[in-house]
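User: Please take one strand of this model and describe it closely for a reader who has not seen the structure before. Please also explain how its surroundings are arranged.

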Amino acid sequence: MTTPRVFIIRHGETEWSLNGRHTGTSDIPLTANGEKRIRATGRALVGADRLIVTKNLAHIYVSPRKRAQRTLELLGLGCKEGDIPWDKHGDIAETNQGDRVVKGPGVGSDRDGGAEKSIDGRIVGKANGGDIRAKVEVTEAIREWDYGDYEGITSKQIAEQRQKDGAEEWNIWRDGCPGGESPQQITQRLDDLIDDIRTRFHAHAIGKPKGSVKEPYDVLIIAHGHILRAFAGRWVAKNIADNPSLILEAGGVGTLSYEHHKLNEPAILLGGAFMSDVIEAVEEEKK
């Protein structure tokens, strides 16, 4: 049965993420290495036989910060310049199509879809690309936690300052940020977003027979470390003030879904069989 998913991707490496400076409202660009690694992530995880199948994406939420927007440009999702609601920040990566096995008359023919080699009479070529139907939406709902007075400084500097002031040890999940956002404010904006996702994109598809849902239903979110960890916590109704105890590295990818194909049983997907559909199709062809 159909089980929709939400993919969460933290933006690529920046100079501030490298040295641990809290980066909320500041618009810090990706490093050259950060861009390189996001391109590699796209090649590994985006395509018809990969984790993120573009034709299944119903909607893409992106933070207003340029580092998140640049990350989307480099993932190779098939978005063209006219598909993104901002002036592009650089070149847009070529569409990552993934490799799949299809039937065909032979390598090099007009019908082989750009195939590269033949294996056991089957053609290993490129899957249909550029068929993304998702709308890209820039939203404040998924911007990074507003760090307020702690913007641009490290956890070590914060600890030193609080010790000097005689304040207790800081815990962002419990305390929030002075001059910034509280855990309660973060919870409210994330809960509103989660409700929007489930109502608009997941409710119509979940639990339906596989292959029967014609409209796309997966959602992609490209944002930041703290807010995405909080999002994952709220996805499974965890009180973020208790600390979700989750880690998402720069450029990291996570998957959220449901147990038992039920909307009221949200879950964090720890691992998945990325190519199971392709393998099943090949086995069916052999029969």
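**A close look at strand β7**

Analyst: Val62 has Ile222 of β7 as its bridge partner. The model is a predicted one, in which local features need pLDDT of at least 70 and side-chain atom pairs count only at pLDDT 80 or more, while totals for chains, interfaces and linings use all residues. Residue numbers start from 1 along each chain as its sequence is written, and side-chain values rest on heavy atoms, without hydrogens or water.

The pair just named belongs to the link between β7 and strand β2, residues 57–62. These two strands run parallel and are joined by 5 bridges; strands count as paired if DSSP finds at least two bridges between them. A second partner of β7 is β1, and this pairing is likewise parallel, over 5 bridges. Here Phe7 is matched with Leu220 of β7.

Which residues point to either side of β7? Asp218, Leu220 and Ile222 point one way, and Val219, Ile221 and Ala223 point the other way. In a regular strand, side chains alternate between the two faces of the sheet. Both sets in β7 are buried, that is, under 20% relative accessible area with a 1.4 Å probe and protein chains only (exposed is over 50%, partly exposed in between). Because 6 of the 6 residues of β7 are buried, the strand is largely enclosed by the rest of the structure.

The strand also helps to cover a helix. β7 (218–223) is among the elements that cover the buried residues of α7, as are β1 (6–10), α5 (172–175), α6 (183–202), β8 (253–258) and β9 (266–269). In α7, 10 of the 11 residues are buried, so this helix too is largely enclosed by the rest of the structure. Its buried residues include Gly225, His226, Ile227 and Leu228. Further along, Ala230, Phe231, Ala232, Gly233, Arg234 and Trp235 of α7 are buried as well. After the helix comes Ala237, which has a positive phi, near 60 degrees.

To place the strand in the whole chain: there are 8 helices and 9 strands, taken as DSSP runs numbered from the N terminus (H or I, at least four residues, for helices; E, at least two, for strands). Of the 287 residues in the chain, 47% are buried. Among contacts (heavy atoms within 4.5 Å) between residues at least 6 apart in sequence, 72% join residues at least 24 apart.
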